[in-house]
Amino acid sequence: MNAAIRRPADSDLGYFNARVRAMRGSLFRKPDYEPLMRLPSADALMERLKTSRYCPHIEAASSRHKAALDALSTAFMTELSSSLAMLWKSAPDGARPLLKAMYSHWEVFDLKILLRGIAREVRREEIKASLIPAGEFNAAASLDALLTSKDIPDLINFLQTWGSPYAGVLKPGLAEYKRSGRIIEMELRADIVTNSLQVEALSSNCAGTRIMRGWLALKADFQNALTLFKIFGEGYSPAAANGFFMDGGVNLKRERFVRLAAMKEKEELLASLASIGGAAVRKALDLSGTDPVLMEEAAEDAMKERLKTLSIVDPLSIALAASFIYMKVREIKNLRLISRGLSFGVPLDELRLFIFYPV
C-alpha cells in the first residue's frame with residue numbers, strides 16, 4: 001500500500017488511452033443486460049456468454065467446476081484480473097501511481113468483504129463471489145489463501161505473514177471485535193488510513209493529480225455519509241464519532257459530521273444529508289434511501305459518472321482509465337448478480353434494482 005503508492009509524474013497518455021478506449025469498447029451496454037436477465041438459468045447464461053470475450057475464461061473454469069454458477073464466478077474473477085493486469089502493464093510509469101490509488105480503493109473493498117463474510121460465518125464460496133481481484137490482491141491465489149482464514153485474527157495473521165501493510169491497519173480494531181463482535185472499527189480504519197496515503201501520494205502538481213484529488217474528495221463525502229448510516233444508533237460519543245471522520249470531502253466537514261452523528265432519528269439524518277451532502281450524495285440517497293448496500297453501489301456509480309464526464313472533457317487525461325476501472329468492475333458485479341439471480345430465482349424486478357449500467 002504505502003510502499004506501492006508513489007508520486008505520479010507527467011506522462012504522455014495518448015497510446016495508453018487508445019488502448020483503454022479499445023477495452024472500454026468491448027464492455028456490455030445497457031441494452032445487452034435485459035436479454036441476459038431474462039434467460040431461464042445460469043447454464044443458459046453461460047452458453048450465451050461463450051459468444052463473448054468471456055468464452056476462454058468460461059471454458060477454462062468449466063473444466064474445474066461442474067456447476068454453472070461456480071464456473072461463471074471463477075470466469076468473471078479471472079477475466080477481471082486479466083483486464084486490470086493488462087491496464088497496469090500498458091500504463092506509463094508516471095501514470096501508475098494514479099492507477100495504484102484507484103486499485104487501493106478495491107483492495108480495501110476486498111478487505112471489507114472478507115471481514116464481513118468471515119465475521120458472519122458466510123460460506124467461503126459466497127465471499128469469493130463478491131471479491132474484486134485488484135492491486136495487492138490481484139492474483140486469485142492470494143484471495144484464495146485469505147479465504148482459508150478460520151476467523152478474523154487468522155486473516156490478520158495471513159496479512160502479517162505476507163508483509164502486507166493492511167495487517168497493521170486492521171490490528172487496532174481487533175480488541176473491539178473480540179469484545180463485541182463489531183468490525184466497523186476495522187472497516188473504517190482501513191478506509192481512513194488508505195485515504196490519507198492516497199491524498200499524500202496525489203499531492204504533486206503533475207497532470208492527472210487534480211482529477212484524482214477531485215475523485216478522492218467525492219469519495220470522502222460518500223464515505224462519511226455511509227459511515228453516518230453505519231454508526232447510527234450504536235451510541236458512539238461525539239469524540240468516538242469524530243474518530244470515524246474521513247478528511248478531504250467538500251460538503252461534509254468534520255463539525256457537520258459530528259453534529260449529524262448525534263441525531264436520534266434516521267429520517268432526520270437522511271433529510272440533513274440530502275440537504276448538505278451535495279448533489280451527488282443527494283442523488284445516491286434518492287436511489288437507495290436508507291439501504292446501506294444500495295447506498296454503497298449508488299456511491300460507486302456516482303464516482304464512475306464523475307470520472308466518465310471528466311474523461312469526455314479531457315479525453316487525454318487519466319480520467320479515461322480511472323472511469324474504465326469502475327465500468328469494468330461494475331460489469332463484473334452485474335454479471336455476478338445476474339448469474340446468482342438466475343440460479344436462485346430472484347424476480348426480474350428485484351434483480352433490476354441492483355443493476356447499474358456502466359456505459
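In this predicted model, helices α6 and α13 pack with their axes 10 Å apart, at an angle of about 20°. Since angles under 35 degrees count as roughly parallel, α6 and α13 are therefore roughly parallel to each other. Their crossing is left-handed. On the α6 side, the residues making the contact are Leu 98, Ala 101, Met 102, His 105, Lys 112 and Arg 116, and α13 answers with Thr 209, Met 212, Trp 215, Lys 219, Gln 223 and Lys 230. It's a mixed bag chemically: five nonpolar, three polar and four charged residues take part in the contact of α6 with α13.

Next up is the pairing of α17 with α18. Helix α17 covers residues 279–288, and its axis sits 9 Å from that of α18, with an angle of about 140° between the two. That makes α17 oblique to α18, because the roughly antiparallel class takes in angles over 145 degrees. Here the crossing is right-handed. From α17, the contact draws on Ala 280, Val 281, Ala 284, Leu 285, Leu 287 and Ser 288, while α18 brings Leu 294, Met 295, Ala 298, Ala 299 and Arg 306. Sorted by class, the contact of α17 with α18 has nine nonpolar residues, one polar and one charged.

One residue of α17 turns up again in the surroundings of Ala 274. Ala 274 itself belongs to helix α16, which runs over residues 266–276. With neighbours within four places in sequence set aside, Ala 274 touches Arg 282 and Leu 285, and Leu 285 is also among the α17 residues that meet α18. As for Cys 206, 68 residues away along the chain from Ala 274, the C-alpha atoms of the two are separated by 34 Å.

A third helix pair involves α3 (residues 42–49) and α5 (residues 68–90). Their axes come within 9 Å and cross at roughly 40°. The pair α3 and α5 is therefore oblique, and the crossing is left-handed. Ala 42, Asp 43, Leu 45, Met 46 and Leu 49 are the α3 residues involved, and they meet Ala 68, Leu 69, Ala 71, Leu 72 and Phe 76 of α5. Nine of the residues in this contact are nonpolar, none is polar and one is charged.

On to the empty space. The largest pocket has a volume of about 1,500 Å³. It is lined by 47 residues, and those closest to its centre are Ile 113, Arg 116, Val 293, Glu 296 and Glu 297. Helices giving two or more residues to this lining are α6 (96–119), α7 (124–128), α12 (184–201), α13 (209–231), α18, α19 and α20 (348–353). The top contributor is α6, with eight residues. Arg 116 plays a double part: besides sitting among the residues closest to the pocket centre, Arg 116 is one of the α6 residues in contact with α13. Split by class, the pocket lining comes to 21 nonpolar, seven polar and 19 charged residues.

There is also some enclosed space, though just one cavity of 30 Å³ or more shows up in the structure. The largest cavity has a volume of about 60 Å³. Around it are Trp 106, Glu 300, Asp 301, Lys 304, Tyr 326, Met 327, Val 329, Arg 330 and Lys 333. At least two lining residues come from each of α18 (292–313) and α19 (319–344), and α19 has the largest share, with five. By class, the cavity lining holds four nonpolar, no polar and five charged residues. Both α18 and α19 also appear among the elements lining the largest pocket.

Notes:
Residues are numbered from 1 along each chain as its sequence is written. This is a predicted model: local features need pLDDT of at least 70, side-chain atom pairs count only at pLDDT 80 or more; totals for chains, interfaces and linings use all residues. Side-chain values use heavy atoms; hydrogens and water are left out. Axes are lines fitted to C-alpha atoms, for helices over the stretch in contact, and angles run from 0 to 180 degrees between N-to-C directions. Helices (H or I, at least four residues) and strands (E, at least two) are DSSP runs, numbered from the N terminus. Angles under 35 degrees count as roughly parallel, over 145 as roughly antiparallel, 65 to 115 as roughly perpendicular and the rest as oblique. A crossing is left-handed if the near helix is turned anticlockwise from the far one by less than a right angle, and right-handed if clockwise. Contact means heavy atoms within 4.5 Å. Ala, Val, Leu, Ile, Met, Phe, Trp, Tyr, Cys and Pro count as nonpolar, Asp, Glu, Lys and Arg as charged, and the others, Gly among them, as polar. On a 1 Å grid over the protein atoms alone, a cavity is a set of points where a 1.4 Å probe fits but cannot get out, and a pocket is an open set with protein on both sides within 12 Å along at least five of seven lines; lining residues have an atom within 4 Å of a point. Grid points are joined across faces, edges and corners, and a volume is the space filled by probe spheres set on the points.
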